[in-house]
Amino acid sequence: FQDASKNSGTWSEDDFWCVKLEINKGDEIDFFHHNMDIRLVSTLVGDGVVLASTDVVNWKMYESGLPVEMSRYEWNKHVADTEHAASSGDVVLIKGNQTGVSRPCVYRSPDSAEYAQERLVLTVDRIKEEKKGRLVGLKEKEKLPVTLLSGFLGAGKTTLLTHLLNNREGLRVAVLVNDMASINVDGQLLKDGVEFQEHKDKMVELQNGCICCTLRDDLMLSVRNLALERRFDYLLIESTGISEPMPVASVFSATDEMGLLKLGGVARLDTLVTVVDVFHFFKDYKSKQKLVDQEELGAEFGDERTIVDLLTDQVEFANVLVLNKTDLVTSEDLETLKGILKKLNPDARMIETKFSVVSPSSVLNTRSFDQKASRTIHRFQAEGLLAAKEGSAQTMLPGWIRELQSEHHKPETEEYGISSFIYSASRPFHGDRLDSLIKGGIVNLGVLRSKGLVWSASNPDFALEWSQAGSSMALKPGRRWLDAAQFNGSRHGDRRQEIVFIGQSMNETKIRKALDEALLSEGEFSGWEETEVTPEEYEVIERARKIARVH
């Protein structure tokens with residue numbers, strides 16, 4: 001194959017080779033047409049490829065193109081009037097043209113392939129250097145580095161982006177700006193505040209949606225195209241004020257049906273930056289509003305997220321927290337906020353600033369993003385505490401996972417009243433009492449953030465995911481609990497209560513007491529174990545027994 005490529009004048013030491021096995025795919029026209037200029041084909045099972053040998057092809061007519069007075073069918077017959085079908089097991093070397101259907105068909109799939117039940121075809125394609133990136137990705141050092149800017153509306157993202165572009169120190173920068181509105185206001189502000197160099201810089205605008213959900217495919221396509229232009233040193237992405245960083249970060253690890261990276265093969269996520277408005281953070285964190293309640297946020301109908309949930313997501317999943325507007329708060333309030341943010345995201349670097357002025361080196365080419373972290377978080381949500389403890393990520397884990405990973409939790413010295421603790425129990429919650437606890441709330445006890453897995457006797461087969469941020473509280477269905485055979489022979493498998501609490505001036509004693517009182521009592525638990533019914537059904541049975549004893 002190599003010798004044939006050299007003889008045809010198409011060989012280069014920088015070329016790549018793509019080996020494909022096609023199983024029962026039938027008549028794939030693009031597979032056998034001229035999208036590669038030289039390839040090796042062998043049909044291992046089924047009828048072989050149909051082709052015209054070199055000596056019967058009128059190559060001059062092939063190259064000259066379709067005559068005006070001739071039909072494509074006639075043209076094909078004149079170019080190759082004799083065809084040959086390779087047998088199963090034959091190895092065939094094919095030379096074609098990359099202009100596709102603008103040339104006659106000198107090799108093709110056999111007609112029988114369209115109906116074949118069993119078919120196995122092996123091909124080896126030569127991929128030229130200039131096409132390598134689009135088809136098989138780039139080398140790690142060639143990938144386009146990306147910084148993602150997140151933050152709530154008005155935090156200072158566009159101001160930060162403008163500052164970075166005006167101080168980019170010779171970097172050739174591409175910019176992608178996302179806006180929920182049909183008119184990209186941030187994009188226009190950027191154009192007004194930055195002098196883009198025509199042949200060095202480029203700005204792409206994505207509007208009428210959010211890149212973490214509705215415009216996800218547009219984001220992947222735009223970033224991929226920018227990376228494959230191979231002329232930029234860096235890409236800066238400004239997301240909308242209601243975008244969560246994790247879904248955007250996950251597109252860089254998305255794979256196709258063959259397990260190959262779609263976007264991560266040509267670009268690498270370098271740094272996640274969240275801009276925090278220190279002046280409004282506490283007010284927004286205490287808000288009970290949903291995103292759709294504030295029209296200016298542009299949230300779509302049906303979006304159930306609360307403002308506090310979004311703020312928490314943006315803070316917990318970031319490499320750098322830019323604390324903006326520090327001139328508008330007292331030093332004590334700033335230190336208190338920093339303590340809370342440190343609990344929510346222990347590994348993030350915090351940068352204090354006014355008007356979003358930071359050193360470009362603090363947010364560009366930091367190589368601080370850890371893709372393993374998002375996988376660890378997803379595993380925890382799917383599989384629980386054990387997955388978090390076994391997770392390979394060492395950085396970028398939210399504070400609640402950090403707490404759960406610790407074998408022996410030791411409370412840190414409290415500063416500004418900020419602390420954390422883990423609540424554990426080996427009995428299930430009573431369904432009704434758990435509902436009452438959730439409705440009553442725990443925010444008034446100083447809890448800012450709590451997260452974990454819950455065991456409810458009303459639903460003993462499945463875990464419940466406990467998630468609270470500020471006034472927002474939710475219990476969502478989780479994974480199935482492991483049974484005794486799957487978990488060290490323990491009678492109840494891995495069922496348990498395991499919740500992390502982070503807060504300021506928390507009343508830990510009252511919180512633990514409220515949680516303990518919502519559990520099944522020892523007597524209820526024993527009866528529940530014996531009857532294997534829900535606590536509510538058990539109470540009905542007990543009342544019936546008492547009535548029977550009275551009579």
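Author: Contact, to get that out of the way, means heavy atoms within 4.5 Å. The model is a predicted one, where local features need pLDDT of at least 70 and side-chain atom pairs pLDDT 80 or more, while totals for chains, interfaces and linings use all residues. Residues are numbered from 1 along each chain as its sequence is written, and side-chain values use heavy atoms, leaving out hydrogens and water.

Reader: Among contacts with a separation of 6 or more, what share comes from residues 24 or more positions apart?

Author: The chain has 19 helices (DSSP H or I, at least four residues) and 19 strands (E, at least two), numbered from the N terminus. Of the contacts in the chain with a separation of 6 or more, the share from residues 24 or more positions apart is 76%.

Reader: How much of the chain counts as buried?

Author: Buried is under 20% relative accessible area, exposed is over 50%, and partly exposed is in between (1.4 Å probe, protein chains only). Of the 551 residues, the buried portion is 50%.

Reader: Which helix gives the largest share of the largest nonpolar core?

Author: A nonpolar core is a set of buried Ala, Val, Leu, Ile, Met, Phe, Trp, Tyr and Cys residues joined through side-chain atoms within 4.5 Å. The largest one has 43 residues, and L219, V223, L235 and I237 have the most contacts inside it. Its largest share, six residues, comes from residues 216-228, that is, helix 8.

Reader: Beyond four places in sequence, what does L219 touch?

Author: L219 is one of the residues with the most contacts inside that core. Setting aside neighbours within four places, its contacts are L176, L206, I211, I237, V248 and V251.

Reader: How many residues does the second core have?

Author: This core is separate, and F281, A299, V308 and L337 are among its members. Its residue count is 27.

Reader: On helix 16, are the buried residues on the same side or on opposite sides?

Author: In helix 16 (residues 431-440), the buried residues are G431, L434 and L437. They span an arc (directions from the helix axis to the C-beta atoms) of only 120 degrees, so they lie on the same side.

Reader: Which residues of helix 16 are exposed on the other side?

Author: The buried side holds G431, L434 and L437. Exposed on the other side are K439 and G440.

Reader: Is L44 buried or partly exposed?

Author: L44 is found in strand 2. Its relative accessible area is 41%, which makes L44 partly exposed.
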